[in-house]
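Let's take a walk through this chain together. Have the sequence and the 3D view ready, and follow along.

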Amino acid sequence: MTWFTISNLEDTPSPALLVYRDRIIKNIDEMIAVAGDPARLRPHVKTHKCREIVALQQEAGINKFKCATIAEAEMLAQCQVKDILLAFQPTGPNIQRLSKLAGEYPQSVISALVDNAFTAGQIGDFMKSAD
């Protein structure tokens with residue numbers, strides 16, 4: 001039997017998310033081995049968007065994560081991730097959403113990349129006014 005065989009294919013709805021836990025754990029272990037220390041890793045959750053995988057990574061000692069959207073940042077905060085990096089700069093209403101999220105989850109340090117001083121200023125001004 002190959003590792004990707006589905007034993008109950010007739011009962012599996014399509015499309016379906018299929019997770020092979022042992023493969024995921026093996027991949028996490030290999031990531032850590034390559035990096036040399038889980039503290040050197042910041043995996044991106046945009047490919048799986050899955051709390052259960054985040055939990056497995058946390059169990060392996062990974063405490064920093066990267067995401068692409070505010071919704072993914074919220075999922076990470078709900079998983080009690082200590083360090084969350086939003087890989088895209090928030091603009092417009094997403095600045096307010098990011099601020100609200102940071103206020104709701106004070107156990108998480110939430111930061112965002114920015115690519116220009118104007119947007120950094122907007123974010124800083126809003127965060128100061130939001131305290």
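**How far to trust it**

The chain has a mean pLDDT of 93, and 99% of its residues reach 70 or more; pLDDT is the predictor's confidence in each residue, from 0 to 100. This is a predicted model, where local features need pLDDT of at least 70, side-chain atom pairs count only at pLDDT 80 or more, and totals for chains, interfaces and linings use all residues. Residues are numbered from 1 along each chain as its sequence is written, and side-chain values use heavy atoms, with hydrogens and water left out.

Now find helix H3, residues 70-78 (helices are DSSP runs of H or I, at least four residues, and strands are runs of E, at least two, numbered from the N terminus). Ile70, Glu72, Ala73, Met75, Leu76 and Ala77 are buried there, buried meaning under 20% relative accessible area, exposed over 50% and partly exposed in between, with a 1.4 Å probe and protein chains only. What covers them? The cover includes helix H2 (51-59), strand S1 (64-67), strand S2 (83-86) and helix H4 (93-104).

Next stop, Gln58, which lies in H2. Gln58 counts as partly exposed because its relative accessibility is 23%. Leaving out residues up to four places away in sequence, Gln58 touches Phe65, Cys79, Gln80 and Val81, a contact being heavy atoms within 4.5 Å. One of those partners, Gln80, follows H3 and has a positive phi, near 60 degrees.
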